[in-house]
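Welcome, and thank you for taking a look at this protein with us. Please have the model open while you read, and follow the stops below one at a time.

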Amino acid sequence: MVSDCRMHIVSDSLGDTAAAVVAAAASQFPELRDAPIGRLSHLRDPAQVDAYLEAALSFGHGIVVFHTITDPGLRAALVRGARSRGIREVDLLGPSIEALSGMLGVEPIDVPGVLHETDRGYFARIEAMEFAVSHDDGRNEHDLAAADIVLIGVSRTSKTPLSLLLASRGYKVANIPLALGVAPPRELFEVERARVFGLVSTVSVLAEVRRRRIGDEAGKVATAYVDPEKIQEDLDEARALMRRLGCIVVRTDGRAIEETAQVILRYYHAWTALRRSVSD
C-alpha cells in the first residue's frame, strides 16, 4: 500500500533484501530512522509500476525508489517510469547481477525469489534439527506422526547420529530405542510402515561399541549390556518387532553413517514417489 513515504521499495519478490539495505542506509540519518517505507512486492506487470509511482507522487515529490528486480524488462520499465517522472531510483540488484554475469561469462537465470527459497530451505533444516533433538531417544513419542522418518533399534545402532545427519538435510526424524523386555510406545504402531526403519547390527560389533562406550569399570557393573548372549536376545526381540511393524530393516555394521543415510533416503523417496503417483 502506498502511503506518505519518502522511501519506497519495488521488487519482483518480497523486497526483504532491499528493505534491509534501505533500513541500514536510513539509520545514518536521524530524520529517517523512524520513517515509514512504502513497498510494492511481487511485481509482475509494468502497469503496476506506473500505478505505484503515480500514487507515490500524489503525496508530493522528493521521494526515492529502491528496487531489487531480477527481470530485465520489468527493471527497465521501472527505471523509465521513475526517470520520466523525475523520481530518483536506486538499482540495488541489477549492477551486482551484471558484474557476476560478466565475471562468469554466463547469463543470469532471472528467477525472482531464489534467495528466499534458499532461506526457506535453511530454516526448514533448522526446524528439522530441532525436531530431531526433541525426539531423540524416545522423547515426545506422542508426536511420532509428525516425523518424516522414524528410526528404531537397540542401543548403539547409530540412531542418534543418523537422526542428526538426516535432519541436517531437512528431514524430521524421531528415534526410538528398543530394549529387551520393554514395550515400544503404542504410537509407533500408528506410523506408516514405509516411514519406519529398523536399524540392526551384528553381535560382535555391538558388543565392541558398547564396551568402548561404557568403559572398563562400568563394564564390570553392566555386564548384561555387553554380554553377547544378551545382545543376541536384544536383537532377536528387536527383529521380531520389526517384522510385526513390517518396516524396512537396514544394517548399520560395516557402513559409514552417510551410506546408511543414503539407503534410508532411497527407500523413503521411492515410497513418497509411489504415494504421489497414486494420489495423482
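Which residues are linked with R85 in a network of salt bridges? They are D50 and E54, and with R85 they complete the network. Please keep in mind as you read on that this is a predicted model.

## The overall picture

Let us begin with the whole chain. The protein holds 10 helices and eight strands. Of its 280 residues, 39% are buried. The exposed area comes to about 15600 Å², and 55% of that is supplied by carbon and sulfur atoms.

The contacts reach far along the sequence. If you take contacts between residues at least 6 apart in sequence, 76% of them join residues at least 24 apart. The next stop gives an example of such a meeting.

## A buried phenylalanine in strand β7

Please find F197 in strand β7, which covers residues 196-200. F197 counts as buried because its relative accessibility is 0%, where the cut-off for buried is under 20%.

What surrounds F197? Leaving out neighbours within four places in sequence, F197 is in contact with I149, V150, L151 and I152, with I248 and V250, and with I264, Y267 and Y268. The first four of these contacts bring us to strand β5, since β5 spans 149-153. V250 is worth a click too: 53 residues separate F197 and V250 in sequence, yet their C-alpha atoms are 6.9 Å apart in space.

## Salt bridges between separate parts

Side chains of opposite charge can pair when their charged atoms come close. In this model the count comes to 12 salt bridges, and three pairs are described here.

Start with K172 and E127, whose closest N and O atoms are 3.0 Å apart. K172 sits in the loop between α6 (159-168) and β6 (173-177), while E127 belongs to helix α5 (residues 114-134), so this pair ties together parts that are 45 residues apart in sequence. K172 is partly exposed at 25% relative accessibility, and E127 is partly exposed at 43%.

Next come R210 and D234, whose side chains meet in a salt bridge with an N to O distance of 3.2 Å. Because R210 lies in helix α7 (residues 203-221) and D234 in helix α9, the pair ties together parts 24 residues apart in sequence. Is this pair buried or exposed? Both R210 and D234 are buried. The third pair is R83 and E89, also joined at 3.2 Å, N to O. Here R83 is exposed, with 59% relative accessibility, whereas E89 is buried, with a relative accessible area of 16%.

## Patches on the surface

Helix α9 takes us to the surface as well. Which residues form a negative surface patch? They are E229, E233, D236 and E237. E229 has its place in helix α9, which runs over residues 228-245, and E229 is exposed, with a relative accessible area of 61%.

A nonpolar patch on the surface is made by L100, M103 and L104, which together have about 350 Å² of accessible area. L104 belongs to helix α4 (residues 94-104). Why does L104 count as exposed? Its relative accessibility is 56%, and exposed means over 50%.

## Positive phi angles in one loop

For the last stop, please turn to the loop between β5 (149-153) and α6, where R156 is found. R156 is not a glycine, yet its phi is positive, at about 75°. R156 is partly exposed, with a relative accessible area of 33%.

S158 also has its place in the loop between β5 and α6. What is the phi of S158? The value is near 75°, which is positive in a residue other than glycine. S158 is partly exposed, with a relative accessible area of 23%.

## Looking back

Here is a short recap for your next pass through the model. Strand β7 carries F197, which is buried at 0% relative accessibility. Helix α9 holds D234, the partner that ties this helix to R210 in helix α7, and E229, one of the residues of the negative patch. Finally, the loop between β5 and α6 is home to R156 and S158.

Key. Residues are numbered from 1 along each chain as its sequence is written. This is a predicted model: local features need pLDDT of at least 70, side-chain atom pairs count only at pLDDT 80 or more; totals for chains, interfaces and linings use all residues. Side-chain values use heavy atoms; hydrogens and water are left out. Patches are made of residues with over 30% relative accessible area and no salt bridge: like charges are joined within 9 Å, nonpolar side chains (Val, Leu, Ile, Met, Phe, Trp, Tyr) within 5 Å. Accessible areas come from the Shrake-Rupley method with a 1.4 Å probe; for residues, only the protein chains shown count as cover. A salt bridge is a side-chain nitrogen of Lys or Arg within 4 Å of a carboxyl oxygen of Asp or Glu. Lys and Arg count as positive and Asp and Glu as negative; His and the chain ends are not counted. The place of a charge is taken as NZ of Lys, CZ of Arg, CG of Asp or CD of Glu. Helices (H or I, at least four residues) and strands (E, at least two) are DSSP runs, numbered from the N terminus. Buried means under 20% relative accessible area, exposed over 50%, partly exposed in between (1.4 Å probe, protein chains only). Contact means heavy atoms within 4.5 Å.
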